[in-house]
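User: I would like to go through this structure by question and answer. Please keep each answer short and end on the value or name asked for.

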Protein chains: 2
Amino acid sequence: MRPGPRRSLTHAEILDAAFGLLEAKGFEAVSVRGVAGVLGLTPTAMYTYYPNKGALLAGMVEQVLGRLDTRGADAAAAASSNAGDAAGPGASAARARTRIVTLAEGLRSILVERPGAVGLLLATPLDGPNARRLDERLLGAFTDAGLDPVQAGRATHAVRVHVLGAVAFDAAEVERAAGAPVPADIEAAPAASATLWDDAETFPLGDRSRELADDPAARFAWGLERLLDGLLAHPASARS
Amino acid sequence: MRPGPRRSLTHAEILDAAFGLLEAKGFEAVSVRGVAGVLGLTPTAMYTYYPNKGALLAGMVEQVLGRLDTRGADAAAAASSNAGDAAGPGASAARARTRIVTLAEGLRSILVERPGAVGLLLATPLDGPNARRLDERLLGAFTDAGLDPVQAGRATHAVRVHVLGAVAFDAAEVERAAGAPVPADIEAAPAASATLWDDAETFPLGDRSRELADDPAARFAWGLERLLDGLLAHPASARS
DNA sequence: ACCTGAACACCGTTCAAGT
DNA sequence: ACCTGAACACCGTTCAAGT
């Protein structure tokens, strides 16, 4: 069978195969050749659908962020049914904060659900339509909360950084727990000239608080709330 | 010349070659074979020094974080010479905040200086001696500022996430500006069921604030200060 | 201990050719 | 337009062998 039965796959089918690979064998296993193999295609046939591997990954990112939409709508429905029509001063700011938390938690849960998806987000520029829509929502919420455009832009960036960074760290910790121990490799570390830090002595705190290590979800939620405390502290342009 | 002149390289020489590759051609170019090539070795000879590629990368991470030590000491000296012996209430908390900012800004500047180094940090578990020492310092500073051990651990994590996440995003933006345009790829994005978000309309804010996009250093500093505002807002155990 | 050379099982991508 | 097959220039890693 030389030219093949001309199956004419849809992008959705190709992305499904790619996500199957991602879930089964991790981000590293998502290769042009691998996806082609799952689909029964020759690697070169993939270049009919995507001009390069980056475009494939961008397509996957868009699909992941697309799930945030449909799910976020449900969460917003539940939240708004509780809120009623309260109209105290700062009520719209409070609703804006809830919206931000909903978006951030939603994005996190989607990324946690699909192990390997973080690698995707970090490896691909987040400038597709769904990524932009997420940005617009955060931007709108921060504006509603009283931030000026520049502050809202920076705050949006900070939230994006916090969500992706936190999930990336959690994923790395999972890998470390499951994976191989890290080699000693003594020579690599130049001895610190620790003289001026001596007010800090040598801390035995690290091991203790690392053993108390709470679950990633709680840690994330706490950090997000603290970040929002800081971002939303000064309602108007009282800051430079 | 079969067995070669038995040069017996040091780890430092190997890491230098690896960093040369990193700076010249980016993180992707840091390969076992590539480093071996620069050193005039056969790829397999590398496995005499490092058991695998991960160990090589871990060695590089440790060297990067080691630079933070020597540099942080200088910065601390300059800062403390200005501070004098002020003893008002909250003075130690203020000094702790300064220490945190110094560490975070120092780590960021080191990562920004070495393009490609972020990829390194994100690809490698941060559990070497220098990484732990950085953790201990942040932990100690947050404890000095009045946080209990669990809060200090979470706060340390939040700062780490913020620094690495922000630098990773900046790096991605630089790549995007220099690299190829992203293909349209329409079919991948499932249309959002946008019904419930309609109070936000469609925001034209995005493009405006993206054009005003301030420089990454200012954006980072602002976000870090806001995060610390939130993390250090309540001095004692007034929080759950 | 340090190194070579051959080999295995992979990558992304291009090109000429077929239907 | 969609696909194959051969090819190019790469990966990380293992193994047997040399000094």
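**Domain contact in chain A**

Analyst: In this predicted model, carbon and sulfur atoms give 74% of the area buried between domain 1 of chain A and domain 2 of chain A, an area of about 510 Å².

User: Which three residues supply 77% of the area that domain 1 of chain A buries against domain 2 of chain A?

Analyst: The domain assignment gives domain 1 as 11-51 and domain 2 as 68-177 + 212-238. On the domain 1 side, no other three residues supply more of the buried area than this trio. They are A:Leu22, A:Glu23 and A:Phe27.

User: How many residues of domain 2 of chain A are in contact with domain 1 of chain A?

Analyst: Contact is counted for heavy atoms within 4.5 Å. Domain 1 brings four residues to this contact, and the number from domain 2 is seven.

User: Which residue forms a salt bridge with A:Glu23?

Analyst: The count between the two domains of chain A is one salt bridge. The side of domain 1 that touches domain 2 has three nonpolar residues, no polar ones and one charged. In the salt bridge of A:Glu23, the closest N and O atoms are 3.0 Å apart, and the partner is A:Arg114.

User: Over the ring of which residue does the charged end of B:Arg160 sit?

Analyst: The structure holds zero aromatic pairs over all chains. In chain B, B:Arg114 lies over the face of B:Phe19, 4.1 Å from the ring centre. For B:Arg160, the charged end is 5.4 Å from the centre of the ring of A:Phe169.

Terms used: Residues numbered from 1 in each chain as written. Chains lettered and ligands numbered in written order. Predicted model: local features only at pLDDT ≥ 70, side-chain atom pairs only at ≥ 80, totals over all residues. Heavy atoms only, no water. Domains from an automatic or database assignment. Buried area = accessible area lost by both parts, 1.4 Å probe. Salt bridge = Lys/Arg side-chain N within 4 Å of Asp/Glu carboxyl O. Nonpolar A, V, L, I, M, F, W, Y, C, P; charged D, E, K, R; others polar. Phe/Tyr/Trp six-rings, centres within 6.5 Å; stacked < 30°, edge-to-face > 60°. Lys NZ or Arg CZ within 6 Å of the ring centre and 35° of its normal.
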